[in-house]
Amino acid sequence: MSEQSNNIDPRLLELRDRIDEIDGDIARLISERAECALKVAEVKKATGGDALFYRPEREAQVLRKAMERNQGPLTDEEMARLFREIMSACLALEEPVKVAYLGPEGTFTQQAALKHFGNSAQCRPLAAIDEVFREVEAGAVNYGVVPVENSTEGVINHTLDNFMTSNLVICGEVELRIHQHLMISDITRADAITRIYSHAQSLAQCRKWLDSHYPNVERVAVASNAEAAKRVKGEWNAAAIAGDMAAELYGLKVLAEKIEDRPDNSTRFLIIGSQAVPASGDDKTSLMVSMRNEPGALHDLLEPFQRHKIDLTRVETRPSQSGNWTYVFFIDFVGHRDSENVAAALKEVGAGASDMKILGSYPRGVL
Ligand SMILES: C=C(O[C@@H]1C=C(C(=O)O)C=C[C@H]1O)C(=O)O
């Protein structure tokens, strides 16, 4: 025995023995759970059709239960995160889910994809939001992940515009707290920075911080935060604003942490797929409606929601692509399209609108 282990407090040894024992139990139970998931796969295959192994509504229920059951000392979120990974591994035994996200590697969208599907999913970066839509439509991947709104900077129009022409449905949502850092490479001279690269949204989220710390430095908008991080690798006078994943991926040094102007800065992402999701018990619905441009049109559009006691969570307006002065409204609300009050409201809204498309009902983001 080494000198060190002779000095170990016996209480510590006892606790470690107990932890080993518990780990054994956990491992056995995880294997048993995985066996069950394999049997579920057999049942799904036997049922035939295009057997859908991944079930968003069921996964949301499992995560919610993990949180409700939790008695501490871990937080509910930590507990759910652990179950997220267990489920991801179990699902991969059935068949790994294929996911395309707005890349490149190191973007917040990649972080959102991992948060939603766990580390056992096969995630692939694509260069543009349109490409993510296209790959899911073509069936090359099962799901896509795209950003849709930021709490500081507002809506990501490109994603909304894609829904005007796409037949994909929304299968889920993920919210991510966004922390931006200023980072440099090992050749950067920190006292000689003349240029800062980032995505336009990120530059905007850090506007005040930049105004006070780097008022005279050129701000250069590039296609993504990861692209910004990549550029800094070869420039001695440049820095990038990006997240943890990009810093890690490109081996950059964080010069200033959490420089976003608002501490509650967060981004919402959508999971897009080709199949509608059944109710999970706590769901949201997204809707696209076009209206003729008449006085009171918006009031008439929203009135049925109020009457059927439906909570609106977002109303967004975009000019329609089909004609001048027609508008398309993107509306999010609480409830599943199959529930009675929602179905009734949708029927009335549809009757009054010149066009209406239900973009999907999906479980409310759990994590
Ligand atoms: C096991 C199932 O399939 C998948 C795996 C799940 C799990 O590990 O809990 C949950 C939902 C599905 O994505 C199931 O449908 O119950």
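Trainee: What share of the 367 residues of the protein chain counts as buried?

Mentor: In this predicted model, 38% of the 367 residues count as buried. The test is 20 or more other C-beta atoms within 10 Å.

Trainee: What else describes the protein chain as a whole?

Mentor: The protein chain has 13 helices and 15 strands. Its C-alpha trace spans about 85 × 60 × 35 Å along the principal axes. Among contacts with a separation of 6 or more, 75% join residues 24 or more positions apart.

Trainee: Take Met87. Why is Met87 called buried?

Mentor: Met87 has 21 other C-beta atoms within 10 Å. The cut-off is 20 or more, so Met87 is buried.

Trainee: Where is Met87 found, and what is Met87 in contact with beyond its neighbours within four places in sequence?

Mentor: Met87 is found in helix 4. Its contacts beyond those neighbours are Glu59, Val62 and Gly118. Ile30 lies 57 residues away along the chain, and its C-alpha atom is 9.8 Å from that of Met87.

Trainee: Which residues surround the ligand?

Mentor: The shell holds Ala37, Val40, Phe53, Tyr54, Arg55, Arg58, Glu59, Val62, Met87, Cys90 and Leu91. Helix 2 (10-47), helix 3 (56-69) and helix 4 (76-94) each give two or more residues to this shell.

Trainee: How do the residues of that shell divide into nonpolar, polar and charged?

Mentor: Eight are nonpolar, three are charged and none is polar. Arg and Glu count as charged, so Arg55, Arg58 and Glu59 make up the charged part.

Trainee: What makes helix 5 mostly covered?

Mentor: Helix 5 (residues 108-117) has 10 residues, and nine of them are buried. They are Phe108, Thr109, Gln110, Gln111, Ala112, Ala113, Leu114, His116 and Phe117. Gly118, just after helix 5, takes a positive phi of about 80 degrees.

Trainee: On to the sheet. In what order do the four strands lie, and is the pairing parallel or antiparallel?

Mentor: The order is 13-14-12-15 in an open sheet, and the pairing is antiparallel. Strand 13 (312-319) and strand 15 (355-363) are the edge strands, since each pairs on one side only. From one strand to the next, the twist averages 15 degrees.

Trainee: How do you know that strand 12 and strand 15 pair?

Mentor: Eight bridges join strand 12 (residues 283-291) to strand 15. Pairing needs at least two, so they pass the test. One example is Ser290, whose bridge partner in strand 15 is Asp355.

Trainee: What does helix 12 touch in the sheet?

Mentor: Helix 12 (residues 297-307) packs on the sheet and touches strand 12, strand 13 and strand 14 (327-334). Its direction makes about 155 degrees with that of strand 12. Angles over 145 count as roughly antiparallel, so helix 12 and strand 12 fall in that class.

Trainee: Why are helix 12 and helix 13 called roughly antiparallel to each other?

Mentor: Helix 12 and helix 13 (residues 340-352) pack at an angle of about 170 degrees. That value is over 145, and they are therefore roughly antiparallel. Their axes lie 9 Å apart.

Trainee: Which residues meet between helix 12 and helix 13?

Mentor: Helix 12 brings Asp300, Leu301, Pro304 and Phe305. Helix 13 brings Ala345, Glu348, Val349 and Gly352. The residues of this contact divide into five nonpolar, one polar and two charged. Gly counts as polar, so Gly352 is the polar one.

Terms used. Residues are numbered from 1 along each chain as its sequence is written. This is a predicted model: local features need pLDDT of at least 70, side-chain atom pairs count only at pLDDT 80 or more; totals for chains, interfaces and linings use all residues. Axes are lines fitted to C-alpha atoms, for helices over the stretch in contact, and angles run from 0 to 180 degrees between N-to-C directions. Two residues are in contact if their C-beta atoms, placed from the backbone, lie within 7 Å. A residue is buried if 20 or more other C-beta atoms lie within 10 Å of its own, exposed if 12 or fewer, and partly exposed in between; C-beta atoms are placed from the backbone. A residue is near a molecule or strand if its C-beta atom, placed from the backbone, lies within 6 Å of it. Angles under 35 degrees count as roughly parallel, over 145 as roughly antiparallel, 65 to 115 as roughly perpendicular and the rest as oblique.
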